[in-house]
Amino acid sequence: MTSDSCLPLLFLIHNKLKILPEEITSLKNLRMLHLQHNELTCIPEGFEHLSSLEDLDLSSNRLATVPADFALLSSLLRLNLSSNQLKNLPAEISRMKRLKHLDCDANLLEAVPPDVGSMESLELLYLRRNKLRVLPEFPSCRQLKELHLAENQIEKLGAEHLQHLQAILVLDLRGNKLRSVPEEMALLQSLERLDLSNNDISSLPCSLGNLHLKFLALEGNPLRTIRREIIAKGTQEVLKYLRSKIKDDTTNQNDSVPETAMTLPSEARVNIHAIATLKLLDYSDKQATLIPDDLFDATKNTLVTSINFSKNQLSEIPQRIVELKEMVLDINLSFNKLSFISHELCLLQKLTFLDLRNNFLSSLPEEMSSLTKLQTINLSFNRFKVFPAVLYGISTLEAVLISNNQVGSVDPQKMKLMENLNTLDLQNNDLLQIPPELGNCVQLRTLLLDGNPFRVPRAAILMKGTAAVLEYLRDRIPA
């Protein structure tokens, strides 16, 4: 291969390569090497000799490890290791002092070496769809502009994780297990896009209102401090509301309100203060198979607008929920064992928000068409193989979150009729193709399609955002 040693670019994409010829390592002038969508299980020795390499794409292979010698690729600017089988990254990767773009999406990573936090040139870091429970700190990543951590198992976000991210523009924490957001988030004055959707966040620090965000996603959280109708109005209204509450928040912190609870014969703890003050009926995280009658008894002659029965072992929706049909606006039944939706739920015609994620649902009843005020429904992490037909007929829907199911198709003609739909999350399903007519759904502001087996649109198009994807699809509609 000596006659080809000046070759600057080499693309060996969508083949069935199991091993790479060692001769590749002699291409001293190679600057771009794309090997995605093969069946590679290892990297040949001598790979580190590609000293001119700036762009290396090894995505969608079967790599289980990355050799520590990779650190010797000192010219590398972009490294894509997504969609492999990596359980860890070598600490030596931090020696790539020029690396700007590191993509490790869709692997099996349970941790990231702390050394990554010392990569001074890093601008884009993708760690979505792994098994991360904790975050590293980023003391030297002062150039980091985008940090993508969606769909992991991160439970805590602390000041130590944020304090050095002074250049951050995009922070994606969608689909984790966060219960709170630190006040220090407000120090990220460059932040433009913050995605906190599908977590377990019950309240937000009012100081977030001082950020200059262009996009803030909060869907799929059991938020108790911001009304759903405010969230539905969009990012700027949420920020405005938070700013208005900063003074109130300070007052509330100074005046601690004792929690009033009474113990009932069933040993249920009924938080009367929550019912009276927050209009919230909360019996979450009890691992209960039934909701005690005492809980419903405590709501008599009391206004309840929110119900949270998440994180239990419910196999059916409590029948007495229908007693609250004239007042309830949002219900959280996530993380239970529901395999069907009973007619009682369909009678709650004032419902605007419904969280059913992490259950065993594979269909929705036609009776749900009576929920004529429903704005957001979260069906993520269930067992749907088709997009529920009843949803097409609920014209008030603004957000449908149905990621991590087995949905194989959507009907773009019916979807177009959902005039208020602005968020559609279809990530991690079984979509083999995206119908070009979906591009006519111009009402969509957020369309998420990552993690499906389709080949087009390609990842480069998806990364450009919803508007670009819709335009691409429209251009493919047959004349």
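In this predicted model, the largest nonpolar core comprises 71 residues, and those with the most contacts inside it are Leu33, Leu56, Phe70, Leu79, Met185 and Leu204. Two helices, α2 (residues 228-232) and α3 (residues 235-254), each supply at least two residues of this core, and α3 gives the most to it, with four residues. As a general background, nonpolar side chains in soluble globular proteins tend to be buried together.

The strands of the model are arranged in an open sheet of ten, which follow one another in the order β1-β2-β3-β4-β5-β6-β7-β8-β9-β10 with parallel pairing. Strands β1 (residues 9-11) and β10 (residues 215-217) stand at the edges of this sheet, and because each has a single partner strand, one side of each is left without a neighbour in the sheet. From one strand to the next, the twist averages 5°. In general, strands of a sheet pair through backbone hydrogen bonds, in either a parallel or an antiparallel manner. At the β10 edge, strand β9 (residues 193-195) is joined to β10 by three bridges, the two strands running parallel, and within this pair Arg193 of β9 stands opposite Phe215 of β10.

A nonpolar patch of about 240 Å² is found on the surface, where it is made by Leu9, Phe11 and Ile13. Of these residues, Ile13 is located in the loop between β1 and β2 (residues 32-34). The relative accessibility of Ile13 is 31%, and Ile13 therefore counts as partly exposed, a class that lies between buried, under 20%, and exposed, over 50%.

Definitions and conventions
Residues numbered from 1 in each chain as written. Predicted model: local features only at pLDDT ≥ 70, side-chain atom pairs only at ≥ 80, totals over all residues. Heavy atoms only, no water. Pairing = 2+ DSSP bridges. Axes fitted to C-alpha atoms, helices over the stretch in contact; angles between N-to-C directions. Patch = residues over 30% accessible without salt bridge, like charges linked within 9 Å, V, L, I, M, F, W, Y side chains within 5 Å. Areas by Shrake-Rupley, 256 points an atom, 1.4 Å probe, with all protein chains shown as cover. Salt bridge = Lys/Arg side-chain N within 4 Å of Asp/Glu carboxyl O. Buried < 20%, exposed > 50% of the residue type's maximum accessible area, 1.4 Å probe, protein only. Core = buried A, V, L, I, M, F, W, Y, C linked by side-chain atoms within 4.5 Å.
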